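Work through these exercises with the model open beside you. Try each task before you read its solution.

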Amino acid sequence: MATSEGGFRELMAGQLAIWYAQQLAPGNRGFNTAEYLEIRGPVDPDLLVRAARQRLDEAEGLRLRLRVVDGIPQQYVHDSRDYPVHVIDLSGEPDPRAAAAEWMRTELDQPVDLLGGPLSSTAVIKVGNDLFFWYQRGHHLALDGHGGWTLASRGAEIYTALAEGRSPEVGALGPLSVLEDADRAYRASTGFEQDGQYWHGVLSDLPETDGAEAHRALRAQHAPVRHTSDVTAEDDAALNAAAHQLKTLPSWLLIAAAAVYEHRTTGKRDVVIGLPVRGRSGIRESGIPGMTANTLPIRLTIGNDTSVEDVVRQTSRAVRNGLRHQRYRYEDMLRDLKIVDSNPCHLHINVLSVDQELRFGDLTATGHTLSSGPVDGVRIDVYDRAGMQICVAANPGLHDLASAGEVSRRFLNVVRWLSAAVGVSGAGR
């Protein structure tokens with residue numbers, strides 16, 4: 001068994017939370033994250049495989065494995081030679097795209113051995129002579145959403161360098177020890193204590209939850225149901241125009257829309273929604289695939305007389321201040337408040353805007369998310385890449401596909417209402 005030079009290392013705080021969550025829901029395949037890149041045009045398949053192998057050599061997060069030592073989960077980096085790049089040719093199938101989708105779904109649904117087994121899988125799938133899928137799966141213990149984007153970007157860089165006859169070593173991914181050391185240093189710092197005090201001040205007077213809220217906090221035992229719908233160009237343009245008029249970001253207006261949706265759904269004035277964030281700081285840390293993702297509780301007060309401008313103002317302030325304290329773990333916040341059997345954030349909103357185009361040489365790649373982690377309540381993922389999409393992932397113990405679709409429809413209606421309300425108020429000035 002080959003390991004990294006440092007051998008066994010402790011799990012970071014975010015990884016440890018995932019470890020225990022998976023122990024409580026061992027059959028939940030939703031702890032896997034998975035995406036594929038759709039590459040159209042005259043792809044060199046041999047270069048794709050070489051780029052995948054180079055990325056495996058660089059990305060320690062893809063080669064992470066776990067052992068329990070004296071009752072404590074430990075991690076180590078395994079030899080890249082034990083990680084194959086699966087090469088699948090489905091171009092001869094009657095419906096190659098459907099066959100590729102079925103292959104990826106089947107692979108994603110395979111159980112993961114957390115005690116010494118591989119936590120990731122890589123595949124290059126030929127769908128047609130001018131169409132390839134580059135598939136990547138990783139357990140949430142090893143990779144978060146930001147790590148997935150970093151891997152995709154690095155894969156494109158390596159392929160392009162190889163295609164142009166350049167060395168792919170420039171821009172090589174850094175070691176996981178950078179993230180591990182930063183996590184350990186942060187939790188021993190005064191900043192950790194100050195961040196804890198900030199979040200205690202934000203959340204200390206949360207109202208107590210009743211039995212219905214406890215039911216809403218039911219831990220998911222299976223992968224979420226996912227409903228995806230496209231947003232029209234007209235709705236997208238209206239959202240951007242409204243955000244511009246309010247002098248805010250479109251992503252922050254979408255977060256405000258999620259809060260309004262939660263208010264309308266629950267009738268509560270005191271609204272708390274979850275915002276996934278990177279949970280890391282620094283340029284070097286940002287470029288290393290790993291698991292540091294965290295949840296920020298965004299708390300707003302919304303009533304029937306609250307204006308759109310006020311909701312957006314509250315959202316901007318809550319997000320801006322929260323990001324300054326984003327490394328303090330959500331699990332620590334709940335522990336500080338002695339919240340055990342409920343979850344203040346039933347609804348999560350995640351806005352993923354991709355400004356950078358992924359290019360494999362002269363070819364453009366489009367990303368498609370298959371799984372983005374476990375969901376105990378409801379998570380609204382808004383993807384802004386080659387057109388806007390809304391994906392609602394929901395705990396199957398509480399929702400079915402139809403109700404997930406209803407969440408998507410009602411949320412989009414709130415977005416439209418906010419955009420229209422801004423336009424009306426602006427016209428009257």
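Helices here are DSSP runs of H or I with at least four residues, numbered from the N terminus. The model is predicted.

**Exercise 1. Place alanine 238.**
In which helix is alanine 238 found? Is alanine 238 buried, exposed or partly exposed?

Solution.
Step 1: Look at residues 233-245. They form helix 8, and alanine 238 is found there.
Step 2: Recall the cut-offs. Buried means under 20% relative accessible area, and exposed means over 50%.
Step 3: Alanine 238 has 32% relative accessibility, so it counts as partly exposed.
Step 4: Now find arginine 105, which is 133 residues from alanine 238 along the chain. The C-alpha atoms of these two residues are separated by 35 Å.

**Exercise 2. Count the disulfides.**
How many disulfides does the rule give?

Solution.
Step 1: State the rule. Two cysteine sulfur atoms must lie within 2.5 Å.
Step 2: Start from cysteine 345. The closest cysteine sulfur belongs to cysteine 391 and is 19 Å away, which is too far for a bond.
Step 3: Turn to cysteine 391. Its nearest cysteine sulfur is that of cysteine 345, and cysteine 391 is in no disulfide.
Step 4: The count is 0 disulfides.
Step 5: Check the burial. Cysteine 345 has a relative accessible area of 1%, so it is buried. Cysteine 391 is buried too, with a relative accessible area of 1%.

**Exercise 3. Look under helix 5.**
Which residues of helix 5 are buried? What covers them?

Solution.
Step 1: Find helix 5 at residues 177-187.
Step 2: Its buried residues are Val178, Leu179, Glu180, Ala182 and Tyr186.
Step 3: Recall the geometry. An α-helix has 3.6 residues a turn, so residues three or four places apart point the same way.
Step 4: Look for the cover. It includes strand 1 (9-10) and strand 4 (72-77). Helix 6 (190-203) and helix 10 (283-286) are also part of the cover.

**Exercise 4. Describe the whole chain.**
How many helices and strands does the protein chain have? What is its radius of gyration?

Solution.
Step 1: The chain has 13 helices and 15 strands.
Step 2: Its radius of gyration is 22 Å. The globule rule gives 22 Å for 429 residues, so the chain is as compact as a globular protein of that length.
Step 3: The C-alpha trace spans about 60 × 55 × 40 Å along its principal axes.
Step 4: Of the 429 residues, 52% count as buried.
Step 5: The chain exposes about 19,500 Å², and carbon and sulfur atoms supply 51% of that area.
Step 6: Finish with charge. There are 44 positive and 55 negative side chains. The centres of the two sets lie 3 Å apart.

Terms used:
Residues numbered from 1 in each chain as written. Predicted model: local features only at pLDDT ≥ 70, side-chain atom pairs only at ≥ 80, totals over all residues. Heavy atoms only, no water. Helix = DSSP H or I, 4+ residues; strand = E, 2+ residues; numbered from the N terminus. Rg over C-alpha atoms; globule rule 2.2 N^0.38 Å. Buried < 20%, exposed > 50% of the residue type's maximum accessible area, 1.4 Å probe, protein only. Areas by Shrake-Rupley, 256 points an atom, 1.4 Å probe, with all protein chains shown as cover. Lys, Arg positive; Asp, Glu negative; His and termini not counted. Charge placed at Lys NZ, Arg CZ, Asp CG, Glu CD. Contact = heavy atoms within 4.5 Å.
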